[in-house]
Amino acid sequence: MRLTFLGTGSAGGVPLWGCDCTVCTRARIDTSVRRLPNCAVLEAGDVRLLIDAGVMDIAERFPAGTLSSILITHFHADHVQGLFHLRWGTGSLDAFAPHDADGCADLYKYPGPLNFTHLSKFETFCVGDVRITPVPLVHSKPTLGYCIEYKDAKLAYLTDTRELPPATVSFLKEWRPHTICLDCTYPPGIEGKRNHFDLLEAIAIGADYPDSNIVLMHISHRLDEWLMNHPETMTEQFSIARDSEFIDCPEST
């Protein structure tokens, strides 16, 4: 089972428009450190799942017939904006999503080939041989994480959350994923109301799952800049996702 990150950035991406911080200035020159909006594609056997659609060129990256389904974590624009191009196409493509009466703009009204199915938390479903269990997250819109299993390989994709509900914590501890891809938008010390984890909060979550590899994603330019000056903060359990990089999730032994 392979997960490829199409984008690993927070809503504004890197470089952030109008920002002249060290990270954003570098990213305008060095494309390898840029970050598109957070989304990924998972491949397992004959199944190819798009997780969110934050990048704008989904239609170009994935010609008709090359995706099995789409998993939508929530309906903020930076996670579904690529779908607006698909809906003028033809054919049929299943899009699984949380219950959200509002959705995003008029996607529900004019879905085109997108067949939206609203999911219930902890009710497992299958796409081909891939088992998917949606788990609730705490965010400013209804949001689901996805625990994805193929044969014995297990990966949890948990983006856009400020808290893991107790039921989600319990499920993950019993399920024991090899890899947890975890929201981590901010460096330590960010004050005020937040809808995303900071680095110390993400590290604390990792301590609850010592046997899992933790891959941090939904990264802001502020966290990138902080990590440039504090590389010693990261331990072997943690890694930082990068656009176009992939993770191979092995079967249990």
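In the predicted model, Ala-156 of strand S10 lies opposite Ile-180 of strand S11, a pairing that belongs to a parallel arrangement in which four bridges join S10 to S11, the latter spanning residues 179-183. Between these two strands the chain passes through helix H5, residues 166-175, and the resulting β-α-β crossover is right-handed.

Strand S10 is also joined to strand S9 (residues 143-150), here through five bridges and in the antiparallel sense. Tyr-150 is placed opposite Ala-153 of S10, and the two strands form a hairpin with two residues between them, where Lys-151 in the turn adopts a positive phi of about 55°. With buried taken as under 20% relative accessible area, five of the six residues of S10 (residues 153-158) are buried, so this strand is largely enclosed by the rest of the structure.

Elsewhere in the model, seven strands form an open sheet of mixed pairing, arranged in the order S6-S5-S4-S3-S2-S1-S14. The edges are occupied by strand S6 (114-119) and strand S14 (246-248), each of which has a single partner strand, so that one side of each is left without a neighbour in the sheet. From one strand to the next, the twist of this sheet averages 20°. Within the sheet, strand S1 (residues 2-7) pairs with strand S2 (residues 39-44) over five bridges in the antiparallel sense, and Thr-4 has Val-41 in S2 as its bridge partner. In a regular strand, side chains alternate between the two faces of the sheet.

Notes. Residues are numbered from 1 along each chain as its sequence is written. This is a predicted model: local features need pLDDT of at least 70, side-chain atom pairs count only at pLDDT 80 or more; totals for chains, interfaces and linings use all residues. Side-chain values use heavy atoms; hydrogens and water are left out. Buried means under 20% relative accessible area, exposed over 50%, partly exposed in between (1.4 Å probe, protein chains only). Two strands pair if DSSP finds at least two bridges between them. A crossover is right-handed if, with the strands pointing away from the viewer, the path from the first strand over the helix to the second runs clockwise. Axes are lines fitted to C-alpha atoms, for helices over the stretch in contact, and angles run from 0 to 180 degrees between N-to-C directions.
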